[in-house]
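I opened the model to look up its charged pairs, one of its sheets and a single glutamate. My entries follow in the order I made them.

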Amino acid sequence: MRFLLIKNTAMHVKHIWSVLCHRSVGDSGSNNVSLFDVFEQISITLKPVGDNKLAKLPEEPKAFPHDYVLVSLWSREKNASLVGDLKAEVRVELNDPTGKKINEFDFPAVIPANTKRLRSNTGIGNLFVTTPGIYWFNVKVKNSDQKDYQLVAELPLEVLLTIE
């Protein structure tokens, strides 16, 4: 009687890169992408509200309208078969400068059959802010055979607040 050790052959969606920008434009002929206004820092001006003559920092995370896109490139692992769709769940967590998680959102990453790569463009309409400093967008992925999300990228964004 022989026993064979079978290696786990689960295929994974692999994170290649992620960028925060104002917009992205894909060229259908070359399948290349152009990223416009890549964010490293933004400035937000707080204004007085109502009868209050002085503006102040928000006590709770406050949503500021700010359209931007999280663009990510995903790939099948090396030597992976192109047969069948490859699916994973992606979670993006936004942490403020103190490390507190103030927002999160999920989306699926599906690389269709006979396709090697996937570029995801996730539009985000509001930036949640608590205080000036470096905010971190933590990109996590959970493949179909995994129980927990795995951190694959950390994107810093410096937020400058000015008070009128």
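**Entry 1, salt bridges.** I started with Glu104 and found a salt bridge to Lys101, with the closest N and O atoms 3.0 Å apart. Lys101 counts as partly exposed, at 44% relative accessibility. This is a predicted model, so I treat each distance here as computed from predicted coordinates.

I then asked which other side chain meets Glu104 in a salt bridge. I found Arg91, at 3.8 Å from N to O. The two lie in distant parts of the chain, 13 residues apart: Arg91 belongs to strand β5 (residues 86-95) and Glu104 to strand β6 (residues 101-111). I noted a relative accessible area of 34% for Glu104, which means that this residue is partly exposed.

Arg91 has a further entry, a salt bridge with Asp106 whose closest N and O atoms are 2.8 Å apart. This pair also links strand β5, which holds Arg91, to strand β6, which holds Asp106, across 15 residues. I read 41% relative accessibility for Asp106, so I logged Asp106 as partly exposed.

Which residues are joined into one network by salt bridges that share partners? I listed Arg91, Glu93, Lys101, Glu104, Asp106 and Lys140. My search of the whole structure gave five salt bridges.

**Entry 2, the open sheet.** I traced four strands in the order β2-β1-β4-β7, paired in the antiparallel sense. I asked why one side of β2 and one side of β7 have no neighbour in the sheet. Both β2 (33-38) and β7 (117-129) stand at the edges with a single partner strand each, so one side of each stays without a neighbour. Averaged over this sheet and ignoring direction, neighbouring strands are turned by 45 degrees against each other.

I followed the pairing of β7 with strand β4 (residues 62-76) and counted twelve bridges, in the antiparallel sense. To fix the register I picked Leu73, whose bridge partner in β7 is Arg119.

**Entry 3, Glu154.** I located Glu154 in strand β9 (residues 150-163). Is Glu154 buried, partly exposed or exposed? Its relative accessible area is 48%; the cut-off for exposed is over 50%, so I put Glu154 down as partly exposed.

I next looked for its contacts, leaving aside neighbours within four places in sequence, and found Trp136, Phe137 and Asn138. For Trp136 I also took the C-alpha separation from Glu154: 6.3 Å, with their positions 18 residues apart along the chain.

Key: Residues are numbered from 1 along each chain as its sequence is written. This is a predicted model: local features need pLDDT of at least 70, side-chain atom pairs count only at pLDDT 80 or more; totals for chains, interfaces and linings use all residues. Side-chain values use heavy atoms; hydrogens and water are left out. Two strands pair if DSSP finds at least two bridges between them. Axes are lines fitted to C-alpha atoms, for helices over the stretch in contact, and angles run from 0 to 180 degrees between N-to-C directions. Buried means under 20% relative accessible area, exposed over 50%, partly exposed in between (1.4 Å probe, protein chains only). Contact means heavy atoms within 4.5 Å. A salt bridge is a side-chain nitrogen of Lys or Arg within 4 Å of a carboxyl oxygen of Asp or Glu.
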